[in-house]
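Colleague: I would like to learn how to read a model such as this one, feature by feature. Could you take me through it, giving the general idea before the particular case?

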Amino acid sequence: MLEIRNLHVTVEGREILQGIDLTIGPGEVHAIMGPNGSGKSTLANVIAGREGYTVTAGEVLFQGKNLLEMPPEVRACEGLFLAFQYPVEIPGVANLYFLKAAVNAVRKYRGEPPVDAMDFWDLIHERMELVKMDESMLKRSVNEGFSGGEKKRNEVFQMAVLQPYFAVLDETDSGLDIDALKVVADGVNALRNAERGFLVITHYQRLLDYIVPDVVHVLVNGRIARSGSKELALELEEQGYALYNEEPGRARRAAA
Amino acid sequence: MTATAPSIADPYRQRFAEFLANRREPDSLTGLRRAAFARFESLGLPTRRQEAWRSTDLGPLQAVAWNLPTTAPVEVGSLPDLGQAAHRLVFVNGRYAPALSQGPALPDGVTVTRLSQAAASQTTLVESSLDQAPGLDRHPFAALNAAFWEDGAFVHLPRGAVLETPIHLIFVATGHDALIHPRLLAVLEDGAQATVVVEYRGQGRYLNAPVAELTIGDGAVLHYHQIQDESPQAFHLGAIGLRQGRDSQAQAHLFADGGQVTRTDLTALLDGEGAHCALDGLTLGHDSQYGDFHVRVEHAYPHGTSEQLFKSVLDGKAQAMFDGMIHVRPHAQKSDARQLSRNLLLSRQAQAHSIPRLEILADDVKCGHGSSTGFLDPDAEFYLRARGIPASAARALLVYAFANDNLNRIGLTPLRERLGQVLADRLALLDGDAR
Ligand SMILES: Nc1ncnc2c1ncn2[C@@H]1O[C@H](COP(=O)(O)OP(=O)(O)OP(=O)(O)O)[C@@H](O)[C@H]1O
Ligand SMILES: [Mg+2]
């Protein structure tokens, strides 16, 4: 459902992604691991349509459509979701209002009428339980004054409410204690089905104990240095990225 | 042709003579007018060399040959509705319009009437209260108003009276380069409570110089709302003077949407221990509008508390000025004064200026002020868009969020909703022509 071919991306003239190829089918969960600054968030942001990134070569198809020419809101309405590495605080916009606006924007795009108030309320409550979120968070401004963990939980909550076809989670587990981590994993696993795809960016193998990936990729210096099964994550946990931090040719040989 | 630019002060002298020639009123009142005009002449029209008027460019005013308002009947179009029962008084070009005014019966002892009528029937009360509010003596346009006012509203609540139904005063102008001087005189005796909504609106070009005098006694409660929705060509140079007694509470919510050059000088004098005032303003500016709030809060007694929250949302080449003074007199210990000014710029050409001023002459006080000016947060916009909300709606939502806490302070629900709609319409409009 997501096909990335030979994607090259520059930021302020510097090439950050240097030819990414990645295909994720329906129902699949892929994990991306990689050292700081290797380009993981860049990839996530380019998929979501954030400004400031220049695609110099390659293409990204989402359900067969050219993703790169869609504005971010259209991507979201097409069923793409990004859980931000750094969720943004929006003072003055209540979480609940924001969610309803988002749900209705997607519905409008699909030619559906605005959500029924009762149905919406039921959905919100069901999803709030899933991520063990307190009802008081609904009235608070989006992410304002939230702890790091609350912000991440709020991302998963939004994902659970919006029910995208494909979700990118950018370090949603970072800074979480084990209980919060399980909550995040439960949120993802509850949505897992034969149609939905996930791209999970993480630094920690332990998340993958809870969200078991079909494929693990190692992103180093803007390239996928290696792809493998979930055991690869364990290997990385033990050996680190030292093996890959040399020139890419050798890394690939080492992997072979 | 002379070398010096014509001053509008000279025509004012001529207009004043014309004006007095047609007055029929007690000599004592005419005496007050003459004294006010003399005060105006000694103050002179403001120039940018004066500190208090440095920021306000009155140049465009000088080019117009201003007249007294027409006495011919005029069409005023539809009037704003408060969306709830109200004691409504309407004034067109500064004159009372009985056909447009209405209201339920008033509680015993409460007066809500036209000022000209009160001046005739309650002369002593009116004359002794008139022109007494703080800040008016230094304000040239307030002096002109005191000389030229034809009518306005007089509100009087006796001790302990509570008026549940809001008072809705609508001042409409119809252009013709008229000089308009509406006046409100509100006196709430000790313990009285009232809500007053003042709306200024119009069409064509005119110069509106309104004055509101608000005097509230010990323990009194006043909620004052002012909605300035003047025509795009209009000038609006108003003054509000608020004097508060011991333990009284006043809220003033100012909303400025219209006009070409607009300025309101608001002076609040906490003239008794433990008085509290909350003053806020929201300016919506577009094209090349100039909107200005000059605020002075004077703590004269101990234990007073004051809050100022002034914001602007500016598009096009609009400019906003906020000049806010907190003055704490030497013996006004334990005063607590806050001031915050925030500006949101929607275009690169818009400009906002904030000048906080503190004169703290007591040593045991809490004082805080802050100001910020910025553009919409692109990260926040992206966050909303990444959840499916279109760019225009995302920006509108962010502007709304910025202005929302001002609107939320308005206790009258239908009015709050109406102003929210004004803001929403403004944003939709802005989006239509900007993108
Ligand atoms: N907006 C930007 N402006 C300038 N440089 C950027 C920007 N975004 C990313 N970069 C640079 O691109 C490189 C990759 O950053 P990216 O955020 O994609 O890394 P990451 O793999 O997500 O790292 P981390 O694990 O620390 O989150 C870094 O060197 C970063 O400094
Ligand atoms: Mg990152």
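Modeller: Let us begin with the ligand, keeping in mind that this is a predicted model. The shell around ligand 1 divides into four nonpolar, eight polar and four charged residues.

Colleague: How many residues surround ligand 1, and which are the closest?

Modeller: Ligand 1 is surrounded by 16 residues, and the closest are A:Gly37, A:Lys40, A:Ser41, A:Thr42 and A:His203.

Colleague: Which element of chain A gives the most to the shell around ligand 1?

Modeller: With three residues, helix 1 of chain A gives the most to that shell.

Colleague: What should I look for in the polar contacts of the ligand?

Modeller: A pair of N or O atoms within 3.5 Å is what one looks for, and it helps to note whether the protein atom belongs to the backbone or to a side chain. An oxygen atom of ligand 1 lies 2.8 Å from a polar side-chain atom of A:His203, and an oxygen atom of the ligand is 3.0 Å from an N or O atom in the side chain of A:Gln85. With A:Ser38, by contrast, the protein partner is a polar backbone atom, 3.2 Å from an oxygen atom of ligand 1. Of the 630 Å² that ligand 1 exposes when taken alone, the protein buries 68%. The elements that give two or more residues to the shell are strand 2 (14-24) and helix 1 (40-48) of chain A.

Colleague: Turning to the cysteines, how many disulfides does the structure hold over all chains?

Modeller: There are zero disulfides over all chains.

Colleague: Why is there no bond between B:Cys277 and the closest cysteine sulfur?

Modeller: The reason is distance, because the sulfur of B:Cys277 is 12 Å from the closest cysteine sulfur, that of B:Cys367, which is too far for a bond. B:Cys277 is also buried, with a relative accessible area of 0%, and in the other chain A:Cys77 counts as buried because its relative accessibility is 4%.

Colleague: How should I read a strand within a sheet?

Modeller: The general idea is that in a regular strand the side chains alternate between the two faces of the sheet. The case to study here is strand 12 (residues 235-244) of chain B, where nine of the ten residues are buried.

Colleague: Which strands pair with strand 12 of chain B, and is the sense parallel or antiparallel?

Modeller: Strand 14 (residues 261-270) of chain B pairs with strand 12 in the parallel sense over ten bridges, and B:His236 stands opposite B:Thr262 of strand 14. Strand 10 (residues 211-216) of chain B is also parallel to strand 12, with six bridges, and there B:Ala212 has B:Ile240 as its bridge partner. Strand 9 (residues 206-208) of chain B runs parallel to strand 12 as well, joined by two bridges, with B:Asn208 opposite B:His236.

Colleague: Finally, how do I read an unusual backbone angle?

Modeller: Most residues other than glycine have a negative phi, so a positive value deserves a second look. A:Glu12 has a positive phi of about 50° although it is not a glycine, and A:Lys132, also not a glycine, has a positive phi of about 50°.

Colleague: Where do A:Glu12 and A:Lys132 lie?

Modeller: A:Glu12 is in the loop between strand 1 (2-11) and strand 2 of chain A, and A:Glu12 is exposed, with a relative accessible area of 82%. A:Lys132 is in the loop between helix 4 (117-130) and helix 5 (136-139) of chain A, and A:Lys132 is exposed too, at 54%.

Technical notes
Residues numbered from 1 in each chain as written. Chains lettered and ligands numbered in written order. Predicted model: local features only at pLDDT ≥ 70, side-chain atom pairs only at ≥ 80, totals over all residues. Heavy atoms only, no water. Near = heavy atom within 4 Å. Polar contact = N/O pair within 3.5 Å; in protein donor to acceptor, adjacent residues only side chain to side chain. Areas by Shrake-Rupley, 256 points an atom, 1.4 Å probe, with all protein chains shown as cover. Helix = DSSP H or I, 4+ residues; strand = E, 2+ residues; numbered from the N terminus. Nonpolar A, V, L, I, M, F, W, Y, C, P; charged D, E, K, R; others polar. Disulfide = S-S within 2.5 Å. Buried < 20%, exposed > 50% of the residue type's maximum accessible area, 1.4 Å probe, protein only. Pairing = 2+ DSSP bridges.
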